Amino acid sequence: EKIDLGELEISTIKRSDSEKYRMLYMDEKVNKYYGYDYKEDLTGEPTKEYFYNFQNGLKEKENEYSFAVKKNNELIGEVVCYNFDFDYSCEIGYRFFESFWGKGYATKSVTALIKTLNSFGIKTIKAKVIKGNEKSINLLKKLKFHFLKEDEKYIYFNL
């Protein structure tokens, strides 16, 4: 399935996206604020399909669902939902290649993800942002997320 957003689409990450998806995971600047460093789990260079297989494993366990954000059929980023709870809540995340920052793609994609989650009965959507990631903080505020708390590393929001 896919969500058509005009110039963008949100869809399942496909095997054909493996190399571009690998590049997204390995981009130091993109992942500075993402909160996951593959080097903590893997020694050496990941194969082309490592991250594709990793995400599919999480999906099969129903732990996390990652979706490709594409423009002109090319992967430009991803949106993620995870930490599903019995109170009909979940957490979201997102990241995009730097060349697509500041163009409204995150706003458009995250808005579509939120609407989709709401349509499946998710009532509370949570997000955490690494301190210093002003772009993400501003995005969540723009989307009417509310500040919950902060710790030494993260600022927590919900909607």
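## Aromatic cluster

Phe-54 counts as partly exposed, at 26% relative accessibility. The model in which this residue is examined is a predicted one. Tyr-50 falls into the partly exposed class as well, its relative accessibility being 23%. Both residues belong to a cluster, linked by ring pairs, that consists of Tyr-21, Tyr-25, Tyr-50, Phe-51 and Phe-54.

Across the whole structure, the search for aromatic pairs returns eight. One of them joins Tyr-25 and Phe-51, which form a stacked pair because their ring centres are 4.1 Å apart and their planes meet at 5°. Since Tyr-25 lies in helix 1 and Phe-51 in helix 3, this pair ties together parts that are 26 residues apart in sequence. Tyr-25 is buried, with 4% relative accessibility, and Phe-51 is buried at 1%. The rings of Tyr-50 and Phe-54 are stacked too, with centres 6.3 Å apart and planes at 5°. These two residues are four positions apart in helix 3, so about one helical turn separates Tyr-50 from Phe-54.

## Helix 3 and its buried face

Helix 3 spans residues 50-60, and its buried residues are Phe-51, Tyr-52, Gln-55, Asn-56 and Leu-58. Viewed down the helix axis, these residues fall within an arc of 155°, and therefore they line one face of helix 3. The packing partners of this buried set are helix 1 (18-26) and strand 3. Phe-51 thus appears both among the buried residues of helix 3 and in the stacked pair with Tyr-25.

After helix 3 comes Glu-62, a residue with a positive phi near 60°.

## Helix 5 and its surroundings

In helix 5 (residues 134-142), the buried positions are Ser-136, Ile-137, Leu-139 and Leu-140. They lie on the same side of the helix because they cover an arc of only 160° around its axis. The elements covering these buried residues include strand 5 (89-96), helix 4 (105-119), strand 6 (124-130) and strand 8 (154-158).

The face of helix 5 turned away from the buried side carries three exposed lysines: Lys-135, Lys-141 and Lys-142. Another lysine, Lys-144, follows just after helix 5; its backbone is described in the next section.

## Positive phi in loops

Lys-144 has a phi near 75°, which is a positive value in a residue other than glycine. This lysine is found in the loop between helix 5 and strand 7 (146-150). Its side of the accessibility scale is clear from the computed value of 58%, by which Lys-144 is exposed.

Asn-73 likewise takes a positive phi, of about 65°, although it is not a glycine. The loop that contains Asn-73 runs between strand 3 (64-71) and strand 4 (74-85). With a relative accessibility of 61%, Asn-73 counts as exposed.

## Cysteines

The number of disulfides comes to zero. Cys-81 is in no disulfide, because the nearest cysteine sulfur, that of Cys-90, is 5.4 Å away, whereas a disulfide requires sulfur atoms within 2.5 Å. Seen from the other residue, Cys-90 also takes part in no disulfide, and its nearest cysteine sulfur is that of Cys-81, at 5.4 Å.

Both cysteines are buried: Cys-81 has 4% relative accessibility, and Cys-90 has a relative accessible area of 0%.

## Lysines over tyrosine rings

Two contacts place a lysine over an aromatic ring. Lys-123 lies over the face of Tyr-88, at 4.7 Å from the ring centre. In the second, the charged end of Lys-128 sits over the ring of Tyr-154, 4.8 Å from the centre of that ring.

These residues can be set beside the elements that cover helix 5. Strand 6 (124-130) and strand 8 (154-158) are among the elements that cover the buried residues of helix 5, and the numbering places Lys-128 within the first range and Tyr-154 within the second.

Definitions and conventions: Residues numbered from 1 in each chain as written. Predicted model: local features only at pLDDT ≥ 70, side-chain atom pairs only at ≥ 80, totals over all residues. Heavy atoms only, no water. Buried < 20%, exposed > 50% of the residue type's maximum accessible area, 1.4 Å probe, protein only. Arc of directions from axis to C-beta. Contact = heavy atoms within 4.5 Å. Phe/Tyr/Trp six-rings, centres within 6.5 Å; stacked < 30°, edge-to-face > 60°. Lys NZ or Arg CZ within 6 Å of the ring centre and 35° of its normal.
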